[in-house]
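Visitor: I have my coffee and I'm ready. Please put the model up, and let's go through it one question at a time.

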Amino acid sequence: MRYTSTRNNKISVLSYQAILDGISPDGGLYIPQELPKFCELDLKRMMSYDYQGKAVFLLKTFLPEFSEDELKNCMASSISRFDDKIVAPIVKLDESVYILELWHGPTFAFKDVALTLLPNLLKLSKQKAQVKDDILILTATSGDTGKAALEGFKDIDGIKIAVLYPTDNVSNHQKLQMMIQEGNNVLALGINGNFDDAQTAVKKIFCDEKAINDFKKSGYILSSANSINWGRLLPQIIYYFSTYLDMCEVGEIKIGEKINFAVPCGNFGNILAGYYAKQMGLPINKLICASNTNNVLTDFLTQGRYDCRRVLEKTISPSMDILISSNTERLIYEISNKNDELIKARMDELKNSGEYVLEEDELKNIKDIFYADYATDSEAMQTINNVFLEKDYLMDPHTAVAMSVYNSYLLSEEDNLKTVIISTANPYKFAPDVLNALGYSVPSDDLKAIQKLNSKTRSYVPEGILNAFEKPILHEKVVDKDCIMDELKNFIK
Ligand SMILES: *Cc1c(COP(=O)(O)O)cnc(C)c1O
């Protein structure tokens, strides 16, 4: 299978090159030239495999340059990082609502699903492309990607990783997790600005020939661990399949029955993996795109106008505080029937004027697949409280946004299909806001907030979240975005 760029269909590279580059040299995003399609029989066959087997079955169709053994080993190493070696457990809330908990990995957020796999895929890609240089992974984070990427790439030979995070726009615990990061090849750097500033700075370096040459002279090529990298997106397709098939296996649904997924969205990577799963034949009815008050995606998917000319708001779901959702570029490429020139023009428009508008038939197509809405902080807090009181289930603010938007979906559409809410973070990562949502006073000390949440709810608090407070701070630096290049040069010296 070959990969092309959303901005130039003439580009054609093999899978390992797409993973290695992270982003196409023309600034576009890599996508597979055609998608594998699975019928009911394939699904039945896949049902008999365990998670690793399902994953390898799917991965090898996208990564034919990787051997089955290589993929098995990569998956085994990824799965070994999860609690009880279970990557995607499902909790049944009631007769029609299920929670998919994707946060049982090393950093307690769903980013671990992909970022425990990507480093090994990248290492193999480097070998396959016969690249002798080392790799510098450059990644912007709205909070969770950073820690998951640092953890995934730490101490891997031949790779260095630098993470840029907006210093005032991540939760205290997210920041702490990055500041204590160990490893001989890691840098966590605070940026004055928001996530879009950090992401734009990273994308700019990727398209800056002089910068690329400078790195090359120092013996480094650049790659990305953000969901602009196909190797980040691909592992996320797996859990849509595994969830569906697990529900079939235990008799919650019959094979072929359609279900919905409600997804808390930021960079649009998670839900785009769901879109690909649907295109590949998984019986998905609606993909419910949930935003917080940074609701660019809601407006885009309901009105067809992508307009990022607004002020980024700080919310209690910081990993979704994003105005420029990179992966919508992949969606409109697919929706426009792979019209690369149109996509390039629209991305230029977005950059220059801050907006672009879809054609009517494109919007209709999108509305057939996606439902979109947003939840305010107070709606998310109410949802946390209601779900805890009524179902004895504690959810984090990102998951609560998805749950809240699912409730609005039920009010607006007549639909009694079973729905999976994707839970993207452990609630203890955001203990102060969760405590507040439950109506308790919040201790100013973060550790005390975590302990209080635990004693009030008697829910499970991961060891790793408590341990973070005992570790030494190793990364403290905060810089303006103009100084990022200097810091990076220093780092690779
Ligand atoms: C990254 C993240 C999201 C948003 O996912 P995207 O793939 O960027 O849309 C939602 N919730 C949490 C907790 C996250 O870390």
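Visitor: How far is an oxygen atom of the ligand from an N or O atom in the side chain of K111?
Guide: First, a caution: this is a predicted model, where local features need pLDDT of at least 70 and side-chain atom pairs 80 or more, while totals for chains, interfaces and linings use all residues. Residues are numbered from 1 along each chain as its sequence is written, and side-chain values use heavy atoms, with hydrogens and water left out. A polar contact here is a pair of N or O atoms within 3.5 Å. For the ligand oxygen and the K111 side chain, the distance is 2.6 Å.

Visitor: Which residue offers a polar backbone atom 2.7 Å from an oxygen atom of the ligand?
Guide: D144 isn't the one, as a polar side-chain atom of D144 lies 2.5 Å from a ligand oxygen. The backbone atom you're after belongs to N267.

Visitor: How much of the ligand does the protein bury?
Guide: Accessible areas come from the Shrake-Rupley method with a 1.4 Å probe. Taken alone, the ligand exposes 380 Å², and the share the protein buries is 98%.

Visitor: Which residues come nearest the ligand?
Guide: A residue counts as around it if one of its heavy atoms lies within 4 Å. There are 15 of those, and the nearest are K111, D144, G266, N267 and T424.

Visitor: How much space lies in the largest cavity?
Guide: On a 1 Å grid over the protein atoms alone, a cavity is a set of points where a 1.4 Å probe fits but cannot get out. A volume is the space filled by probe spheres set on the points. The structure holds three cavities of 30 Å³ or more, and the largest comes to about 260 Å³.

Visitor: Which helices each supply at least two residues of its lining?
Guide: Lining residues have an atom within 4 Å of a point; the largest cavity has 25, with F110, K111, G266, N267 and S319 nearest its centre. Helices are DSSP runs (H or I) of at least four residues and strands (E) of at least two, numbered from the N terminus. The helices you want are helix 7 (144-153), helix 11 (230-249) and helix 12 (269-279).

Visitor: How many charged residues are in the lining of the second largest cavity?
Guide: That cavity holds about 50 Å³, and its lining includes C265, N292, L297 and S325. Asp, Glu, Lys and Arg count as charged, Ala, Val, Leu, Ile, Met, Phe, Trp, Tyr, Cys and Pro as nonpolar, and the others as polar. The lining has five nonpolar, five polar and, for charged, no residues.

Visitor: Which element gives the largest share of the lining of the largest pocket?
Guide: A pocket is an open set of points with protein on both sides within 12 Å along at least five of seven lines. The largest has a volume of about 770 Å³, and among its 30 lining residues R7, T200, K203, M347 and K351 are closest to the centre. Helix 9 (195-206), helix 14 (328-335) and helix 15 (340-353) give two or more each. The largest share, six residues, comes from helix 9.

Visitor: And which helix gives the most to the lining of the second largest pocket?
Guide: The second largest pocket, with a volume of about 340 Å³, is lined by 15 residues, with D21, P25, F206, I212 and L222 nearest its centre. Helix 1 (15-21), helix 10 (209-217) and strand 9 (220-223) each give two or more. With four residues, the top contributor is helix 10.

How values were computed:
A polar contact is a pair of N or O atoms within 3.5 Å; within protein, one must be able to donate a hydrogen and the other to accept it, and residues adjacent in sequence count only if both atoms are side-chain atoms.
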